[in-house]
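The report below follows a chain from the pairing of its strands to a pocket in its surface, with some local backbone features in between. Please read it with the structure in view.

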Amino acid sequence: MSIARGAAVGAIAAAAIVVGVLLLGSGGGYKYKVLFQTAGQLVKGDDVQIGGRRIGNIDAIALTKDNQAVVDITVDEEFAPLPASTEATVRLTSLSGVANRYIQLNPGPNNGPKLAEGATITPDKTTSVVDLDQLFNTLDAPTRQGLARFFRGQGQWYKGKSAEGNLAAYYFNPAISTSAEVFNEISSDQKILGQAVAATAKAMGAIGSRRQDLTNLISNSNSFAGAIAAENASFAQAIENLPATLRRANTTFVDLRSTLTDVTKLIDVSGPNAVPLTNLFTALRPAAANAVPVFNKLSGIIYTPGASNDLTDTMRDAPTLQKIANANSNSSFPESVKALADGQKTIEFARPYTVDLVGWMRELGQVTAFYDANGHYARFAPVFNSFKVDGSGQFEQLPGDERLSVFDSPEFDSPYSIAGFDPGKGSMNFQRCPGSASQIPSTMTWPFLTQPDGCNPNQVPPGP
């Protein structure tokens, strides 16, 4: 064998050794054990990743005595040794796949302690995967049935509308692209994102406690979607008319901008008056509280259950009453108006005697107030003189125009002296002028310059 041929054979053997070492050997990586509560459909050969990059693989999966999954992994030397605070999570590449899981490592700070080769990442630093079946198992049978009907309804909804669905998918890509930017902004602030996740967890717990309401919501949503599907023509027409509506609304929105500017000026001007207005409302609150019983009673006056017992019934009956009262010229309202008009002269004649009436009432109170052992100094009794005794000794009712004539007849005789009245001589003073209830001193002139028609200034009380 020549030297050149021997060198070639040696090179081939060396290459075979290198390939064998790469394929069959350990590759020089670090070995670790990871404990999970459940392996979550992990299989030998699945990836071990950090930040979405493959940095190792799963070597074996076994079961511990306490029924936990122990997973042997190999990490490339480039990323080993791992920090002691490294956490491991089982992830899914998609919800619809089977055995498409991988282990995601979240290393801690590089300046901390390291995990020696063969070390174990304990369960307090691992998180198992949550399968879709576990989510469905949290729902009761009616909810799962409603969810199944919902998906079937979605299938019926899109049945025969593949062209429209493809068009929607065509425009879905830009929406996903812009959504990625939104998610990047959200993930840029880990603290706020963590608070949002914690709040979402609380919300999910609250929703889980209202499973029956959630079931009803899904059922009603299914009915709602069915109703929309039944009115798809109207829905399409509404979407078709929407651009024109928005164009017309644009003018309104432009005018609204100037209106908001004017409203802003009004608010600025009203600002200094806000504090006094607050004081007014503060003072008004007790008045409003005290007015509550008044309005409650007023409410009872306006409306009370029953018939003919409140103001509402009165106003309802008023048109009928008006028709009855104005049925003809002899009805109540016309006769009342006529009576008031005819009584105007009587009221005008009696008005100047108000002073005499008040004085009479005052003097009457003074005279009858004093009393002794025999009783009050003066006692009065009204005399109506409505009847007289006829020849047979029976009472006979007198006409109205004759009821004062008995005091002007010779038969009337009284042992008492009545001021201004001489019994039997017809001297009753029925035509006195205003102010003549009291004697006017001789040094005074008549107090009234004008006298009502028919009064007699000579009818005055006796005495100086």
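In this predicted model, strand 1, which covers residues 30–36, runs parallel to strand 7 and is joined to strand 7 by 2 bridges. Within that pairing, K33 has T120 of strand 7 as its bridge partner. Both strands belong to an open sheet of 8 strands with mixed pairing, in which the order is 7-1-4-3-2-6-5-8. The edges of this sheet are strand 7 (120–121) and strand 8 (126–127), each of which pairs on one side only.

Strand 2 has its place between strand 3 and strand 6 in the sheet order, and the two pairings of strand 2 run in opposite senses: antiparallel with strand 3, parallel with strand 6. Strands of a sheet pair through backbone hydrogen bonds, and either direction is possible. The table sets out three pairings of the sheet, with one pair of partner residues for each.

| Strands | Direction | Bridges | Residue pair |
|---|---|---|---|
| strand 1 and strand 7 | parallel | 2 bridges | K33 and T120 |
| strand 2 and strand 3 | antiparallel | 4 bridges | D47 and N57 |
| strand 2 and strand 6 | parallel | 2 bridges | Q49 and Q104 |

Strand 2 (residues 47–50) and strand 3 (residues 53–63) also form a hairpin with 2 residues between them, and in the turn G51 has a positive phi of about 60 degrees. A positive phi of about 60 degrees is found again at N67, although N67 is not a glycine. N67 is located in the loop between strand 3 and strand 4, and this residue counts as exposed because its relative accessible area of 55% is over the 50% cut-off.

The loop that follows strand 4 (69–75) and leads to strand 5 (87–92) contains P81, and the peptide bond from A80 to P81 is cis, with omega near -5 degrees. Another proline, P113, is found in the loop between strand 6 (101–106) and strand 7. Is P113 buried or exposed? With a relative accessible area of 62%, P113 is exposed; beyond its neighbours within four places in sequence, P113 is nevertheless in contact with P83 and A84. The C-alpha atoms of P113 and L82 lie 8.8 Å apart, while the two residues are 31 residues apart in sequence.

Attention now turns to the second largest pocket, which has a volume of about 430 Å³. Which helices each supply at least two residues of the lining of this pocket? They are helix 3 (141–158), helix 4 (162–187), helix 6 (211–230) and helix 7 (232–302), and helix 7 gives the most, with 4 residues. The lining includes W157, Y158, K161, E164, F235 and I239; by class, the lining residues of this pocket comprise 8 nonpolar, 2 polar and 2 charged.

For the chain taken whole, the secondary structure comes to 11 helices and 12 strands. Buried residues make up 16% of the 464 residues, and the accessible surface is about 34,700 Å², with 61% of that area belonging to carbon and sulfur atoms. Among contacts with a separation of 6 or more, 51% are between residues 24 or more positions apart.

Definitions and conventions:
Residues are numbered from 1 along each chain as its sequence is written. This is a predicted model: local features need pLDDT of at least 70, side-chain atom pairs count only at pLDDT 80 or more; totals for chains, interfaces and linings use all residues. Side-chain values use heavy atoms; hydrogens and water are left out. Buried means under 20% relative accessible area, exposed over 50%, partly exposed in between (1.4 Å probe, protein chains only). Contact means heavy atoms within 4.5 Å. Accessible areas come from the Shrake-Rupley method with a 1.4 Å probe; for residues, only the protein chains shown count as cover. Two strands pair if DSSP finds at least two bridges between them. On a 1 Å grid over the protein atoms alone, a cavity is a set of points where a 1.4 Å probe fits but cannot get out, and a pocket is an open set with protein on both sides within 12 Å along at least five of seven lines; lining residues have an atom within 4 Å of a point. Grid points are joined across faces, edges and corners, and a volume is the space filled by probe spheres set on the points. Ala, Val, Leu, Ile, Met, Phe, Trp, Tyr, Cys and Pro count as nonpolar, Asp, Glu, Lys and Arg as charged, and the others, Gly among them, as polar.
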